[in-house]
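Visitor: I would like to go through this model with a guide, one question at a time.

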Amino acid sequence: MADAPAQKGLSNKLDKKRKRQADDSTKQDKPEAAPAASAPADGPSKKKRKQKKNKKQQAEHDARMQGRQDGIDQSIGKMDGRLLADYFAQRAKKADKELSAVELNDLSVPDYAFLDTSSFTESRHLDKLPDFLKAFAPKGADLSKASEEKGTPHTLVVAGAGLRAADVVRSLRTFQSKETIVGKLFAKHIKLEEAKQFLERARMGIGAGTPARISDLIESGTLKLNELERIVIDGSHIDQKQRGIFDMRETHLPLLKLLTRPELRERYDAGKKKLKILIF
């Protein structure tokens, strides 16, 4: 009987040992919790860069909108040749993001092609366009005169749409006479064949139209460039949707293709028959 308590104590120890072994075994069988997925190392930095880029673009957009009042983008008239060349290139990239570096270079207008018109401090509304042309014409030049050769203007005014080009024609009638006419070089209500026939019989000192139609008439041979002295772009005008000729793909790319035609490009830096681009 004396051994009974000892046996009971030994039994208790064995039970406790088995219980500990069972607990240890359970802990080992449990799968370890997977470590929390760590965020990509460059995640936050990418997000910050994107936010910074968006903030910069918004600031540029806001600055441009502040300069757009009463149907005029006032910032355009303040740019010199270098800024305009850069601006044209930027708008080309935005209009067609798939353009290659070679294509962009082919569509680039050199800074020396532009005549600096930032000294013109009056408004850029159409009623001031005749004054604008006079201000940058050679001293003593008569803009109402035209070449004896039919369809040979000294000035082309390029607008973003046919209706706007029609308004431009009306604003320039002060330069029209019995001998010369301000030509309508746009597609609105005027078929291409009709425009060709007009150029074949009319003496025209100034013509106003859209980029695509002007290019078509040059291709046809009826619009001649040998006496062209200036290309005036209706660049400050914006429509009710706050869009100008440089903001829309359907107008800006045809404009660049017109301005970079080989027969025009070679004359931007020529001597006697130098050609200049003016932004109104």
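**Thr152 and helix α3**

Guide: In this predicted model, Thr152 sits in the loop that runs between α5 (129-135) and β3 (155-158).

Visitor: Is Thr152 buried or exposed?

Guide: A residue counts as buried when its relative accessible area is under 20%. The relative accessible area of Thr152 is 1%, so this residue is buried.

Visitor: Which backbone oxygen of Lys150 or another residue does the side chain of Thr152 reach?

Guide: A polar atom of the Thr152 side chain lies 3.2 Å from the backbone oxygen of Glu149. The side chain of Thr152 also reaches, at 3.2 Å, the backbone oxygen of Lys150. The residues asked for are therefore Glu149 and Lys150, since a polar contact is a pair of N or O atoms within 3.5 Å.

Visitor: Which residues does Thr152 touch, not counting those up to four places away in sequence?

Guide: With heavy atoms within 4.5 Å taken as contact, and with residues up to four places away in sequence not counted, Thr152 touches Ser147, Met204, Lys224, Asn226 and Glu227.

Visitor: How far apart are the end C-alpha atoms of helix α3?

Guide: Helix α3 covers residues 81-95, and at 1.5 Å a residue its 15 residues should span 21 Å. The distance between its end C-alpha atoms agrees with this, being 21 Å.

Visitor: What arc do the buried residues of α3 cover around the axis?

Guide: The buried residues of α3 are Gly81, Leu84, Ala85, Tyr87, Phe88, Arg91, Ala92 and Ala95. They lie on the same side of α3, because the arc they cover around the axis is only 165°.

Notes:
Residues are numbered from 1 along each chain as its sequence is written. This is a predicted model: local features need pLDDT of at least 70, side-chain atom pairs count only at pLDDT 80 or more; totals for chains, interfaces and linings use all residues. Side-chain values use heavy atoms; hydrogens and water are left out. Helices (H or I, at least four residues) and strands (E, at least two) are DSSP runs, numbered from the N terminus. Buried means under 20% relative accessible area, exposed over 50%, partly exposed in between (1.4 Å probe, protein chains only). A polar contact is a pair of N or O atoms within 3.5 Å; within protein, one must be able to donate a hydrogen and the other to accept it, and residues adjacent in sequence count only if both atoms are side-chain atoms. The expected span of a helix is 1.5 Å times one less than its number of residues. The arc is that of the directions from the helix axis to the C-beta atoms.
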